[in-house]
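Thanks for coming. I'll take the chains one at a time and then look at how they touch.

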Amino acid sequence: MKLVLKIWRQKNADAKGTFATYRMDDVSPEMSFLEMLDSLNKKLVEENKDPVAFDHDCREGICGSCGMFINGHPHGPVPAITTCHLSMRYFRDGDTIWIEPWRAKPFPVIKDLIVDRSAFDKIQSAGGFISINTGAAPEANSILAKKKNADDAFDSSICIGCGACVAACKNASAMLFVSAKISQFALLPQGRIEAKERVREMVEKMDELGFGSCSNSGACEAECPKQIKLTNIARLNREYYKAF
Amino acid sequence: MNKVLFSSVSKKFTMALAGLFLLLFLPVHLAINLMLLKSDPEPFKKAALFMASFPLIKIIEIALFAMILIHISWGIFLQIQNWLSRPVGYAGGNRSETSFFSKFMIWTGASVLTFLVLHFFNFYFIKLGFVEGDPEDFYSVAHNLFKIPAYNYIYLACFILLGLHLFHAFSSAFQTLGLNHRIWTPVVNAAAWVYAICIPAGFAFISITLWLFR
Amino acid sequence: MDAINKQGKKAIENKYGNLFEMYKTITGIDPYEEPMRIYPAGHYTMGGLWVDYELMTTIPGLYAIGESNFSDHGANRLGASSLMQAAGDGYFVLPNTISNFLANDIRTPRIQTSSPEFVEAEKSSTERLNKLLSIKGRQNASSFHKRLGKIMWDYVGMTRNEAGLNKALGMIRELQKEFWKDLNIPGTAGELNMELEKAGRVADYLELTQLLIADALDRKESCGAHFREEFKTDDGEALRNDKDYAYVAAWEFAGEGKPHILHKEELKFEEVEMKVRSYK
């Protein structure tokens, strides 16, 4: 099928950036979105032009690297999947597709569709861990945990840190991400030990980096490729008040 | 300690508490205002006098004023901060599924504030002595205002916008306070519908009745 | 379809719900109605860097842990074991072993960028990058990557034979020559350049695949994932030759263009006897 792509091009972090239009004539509906971009880049390199830079790694929906705003939705119009899982079958012959990077002050654009998401790493370093001695581990079954809590912690832990929540949020808030990372520990006994410090430090870091606050709008949950729920944000709030 | 008290989460917490306080206050105000519909001014006057003189009420009045100030200040502060979090917008538009009225809280809030200012000039400032008028006879003041068509247009518009503000506010306050529950959250959301329709409808009823049917 | 008929759709949904959802989203086919289309694919390389029991490579102070080394799984890595290896090496082993090196290194001051080793390393890295950038041919790195993958899939995949392996070796050498003549990388090394990154990796793969083939040619038996068609049992199963090939093949880089040197780490089993795993 034929497609018109409007893609954000930005040479580097200091450049202004603008949209460029590309016409694709031969896109197979069997292709994934990133494969479609690959074929665009092949053409561009053959014409000795600068290919479109975009993040990707596993192409399996699990690493959190890929991420672009496609026709008004992070990761595209199909719910609960990442960009790498988006199939071209969801687009029609003659469609125009707008492709932009995540827009948020804490995610500065590095080049084209690649943004710097080290802000997330900084939040994680501030508290997204439990402190234990490595080199040995206690017998796992000696620390009892409720199955429901373990299941809920698992559901929170599948956050891949892609940043779609920040990108979708009208306030560029990172609350869904931070709450998922806090919840996965808050629900388990090993995480309770440092629960107060964790939530205080991570929220402080989140604010410091310039993410917005939460208006409970729900765009994050709707667009999250891993279907992380708003209940995590409620849990973060409860943990925070307990930590006053 | 400052970092915790003034973090984004704490600011939202304070706004939610203030908002809940206001949500409790509105039905009380509506209940008293409904007495304006009686042809006898005495019940309204008695109620107004009670509210003006009872010591506990006076304390709550100060708390209410403070809550309003905090709610508005933090609201504006956070909105500006949120605007700054996305300096470059999405040229292709952002179609992420968002709760609709949550996007306009600053605007519906601004309309509430506008009405509040108008309301203070019409009533509260008379009571405080800043504006000329009879603080003992708000019944007549109200009835006279409701005779002016323009006042009613503004009044009704503001209360519709208040309803839109309250619709998101009600559910949002619970979520911000961490009160999310498998069963009770749907109940809260249903209550939000009821509240956001009934309270403004109650005030609108007074306006329309006194304007068109007396 | 059989399972759905026997156990009911609900039971299947409980077990495989997520997987079926994902399948339907990607392929557009409803797996509850039509059989799933399954195809094998290569998505990691077995083996890895040689390390000692402390997880240190042959370069002093350079440790390789997790999937990048050969240690826990040898040359035959099974699926999903990389997480265990990363956790095992990183959490259990390395904290206990790295201190041995660091203890001896504690008096070493901060290494300066003016030191001759650094200057040499920086120079050779820059040269390598410039070499890639200067080719200015026509094709992008991914094109070569795809063609290399096809060769490996056809001749060095689930089953191998001597003729195929030799043919593949020839084809890869040709492809490598073409790579260094016709690669194109727009842009420079002074900015984020994904094409340059990919090219560097493909250049490495072109070398690594030749080593994989050399190793496959050398091991004249079928063992684990390495299945030589010439060495199989009467009913088509892998035929191992423990007498001649019970060793780990550690290959040493001998210089540009020279064949790698084979070091055999003999596998001597004293308490247990090697058996053949039967899938029947």
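Chain B has eight helices and zero strands. Read from the N terminus, the order of its elements is therefore easy to recite, α-α-α-α-α-α-α-α, with strands counted at zero. Please keep in mind that this is a predicted model. The C-alpha trace of chain B spans about 55 × 40 × 40 Å along its principal axes. Chain B has 214 residues, and 25% of them count as buried. Take the contacts in chain B between residues at least 6 apart in sequence: 77% of these join residues at least 24 apart.

Now one pair of helices in chain B. The axes of α2(B) and α7(B), the latter covering residues 149-176, come within 9 Å and cross at roughly 135°. That angle makes α2(B) oblique to α7(B). The crossing is left-handed. Which residues of α2(B) meet α7(B)? They are B:Lys12, B:Phe13, B:Ala16, B:Gly19, B:Leu20 and B:Leu23. On the side of α7(B), the partners are B:Ala169, B:Phe170, B:Ala173 and B:Thr176. Sorted by class, this contact has seven nonpolar, two polar and one charged residues. For anyone wondering about the spacing of those numbers, an α-helix has 3.6 residues a turn, so residues three or four places apart point the same way.

Next, chain C. Its secondary structure comes to eight helices and two strands. The helices are written before the strands: from the N terminus on, the elements run α-α-α-α-α-α-α-α-β-β. Along the principal axes, the C-alpha atoms of chain C fill a box of roughly 75 × 55 × 40 Å. Of the 280 residues of chain C, 17% count as buried. Among contacts in chain C with a separation of 6 or more, 51% come from residues 24 or more positions apart.

There is a helix pair to look at here as well. Helix α6(C) covers residues 162-182 and helix α7(C) covers residues 194-218; their axes come within 10 Å and cross at roughly 160°. How do these two helices run, parallel or antiparallel to each other? At that angle, α6(C) and α7(C) are roughly antiparallel. Their crossing is left-handed. From α6(C), the residues in the contact are C:Glu162, C:Leu165, C:Ala168, C:Leu169, C:Ile172, C:Leu175, C:Gln176 and C:Phe179. From α7(C), they are C:Val202, C:Ala203, C:Leu206, C:Thr209, C:Gln210, C:Ile213, C:Ala216 and C:Leu217. By class, that gives 12 nonpolar, three polar and one charged residues.

On to chain A, where I'll show two places. The first is A:Tyr22, which lies in strand β2(A), residues 18-24. Is A:Tyr22 buried or partly exposed? A:Tyr22 is partly exposed, because 17 other C-beta atoms lie within 10 Å, and a buried residue would need 20 or more. Leaving aside neighbours within four places in sequence, A:Tyr22 is in contact with A:Leu5, A:Ile7 and A:Leu40. For a sense of distance, take A:Ala140, which is 118 residues from A:Tyr22 along the chain: the two C-alpha atoms are separated by 55 Å.

The second place is helix α7(A), residues 195-208. With 14 residues at 1.5 Å a residue, α7(A) should span 20 Å, and the C-alpha atoms at its ends are 20 Å apart, so the two figures agree. The buried residues in α7(A) are A:Arg198, A:Val199, A:Arg200, A:Met202, A:Val203, A:Lys205, A:Met206 and A:Asp207. What do they pack against? Within chain A, they pack against α2 (118-127), α5 (175-186) and α9 (231-242). They also pack against α1 (2-5) and α2 (8-33) of chain B. After α7(A) comes A:Gly210, whose phi is positive, near 95°.

That brings us to the contacts between chains. Two pairs of chains are in contact, and of these, chains A and B share the most contacts. Chain B and chain C do not touch, and their nearest C-alpha atoms are 19 Å apart. The contact between chains C and A takes 19 residues from chain C and 21 residues from chain A. On the chain C side, α2 (9-27), α3 (81-105), α5 (141-155) and α7 each supply at least two residues. The largest share of that side, four residues, comes from α3(C). By class, the side of chain C that touches chain A has seven nonpolar, nine polar and three charged residues.

That's all I have on this one.

Key
Residues are numbered from 1 along each chain as its sequence is written. Chains are lettered from A and ligands numbered from 1 in the order in which they are written. This is a predicted model: local features need pLDDT of at least 70, side-chain atom pairs count only at pLDDT 80 or more; totals for chains, interfaces and linings use all residues. Axes are lines fitted to C-alpha atoms, for helices over the stretch in contact, and angles run from 0 to 180 degrees between N-to-C directions. Angles under 35 degrees count as roughly parallel, over 145 as roughly antiparallel, 65 to 115 as roughly perpendicular and the rest as oblique. A crossing is left-handed if the near helix is turned anticlockwise from the far one by less than a right angle, and right-handed if clockwise. Two residues are in contact if their C-beta atoms, placed from the backbone, lie within 7 Å. Ala, Val, Leu, Ile, Met, Phe, Trp, Tyr, Cys and Pro count as nonpolar, Asp, Glu, Lys and Arg as charged, and the others, Gly among them, as polar. A residue is buried if 20 or more other C-beta atoms lie within 10 Å of its own, exposed if 12 or fewer, and partly exposed in between; C-beta atoms are placed from the backbone. The expected span of a helix is 1.5 Å times one less than its number of residues.
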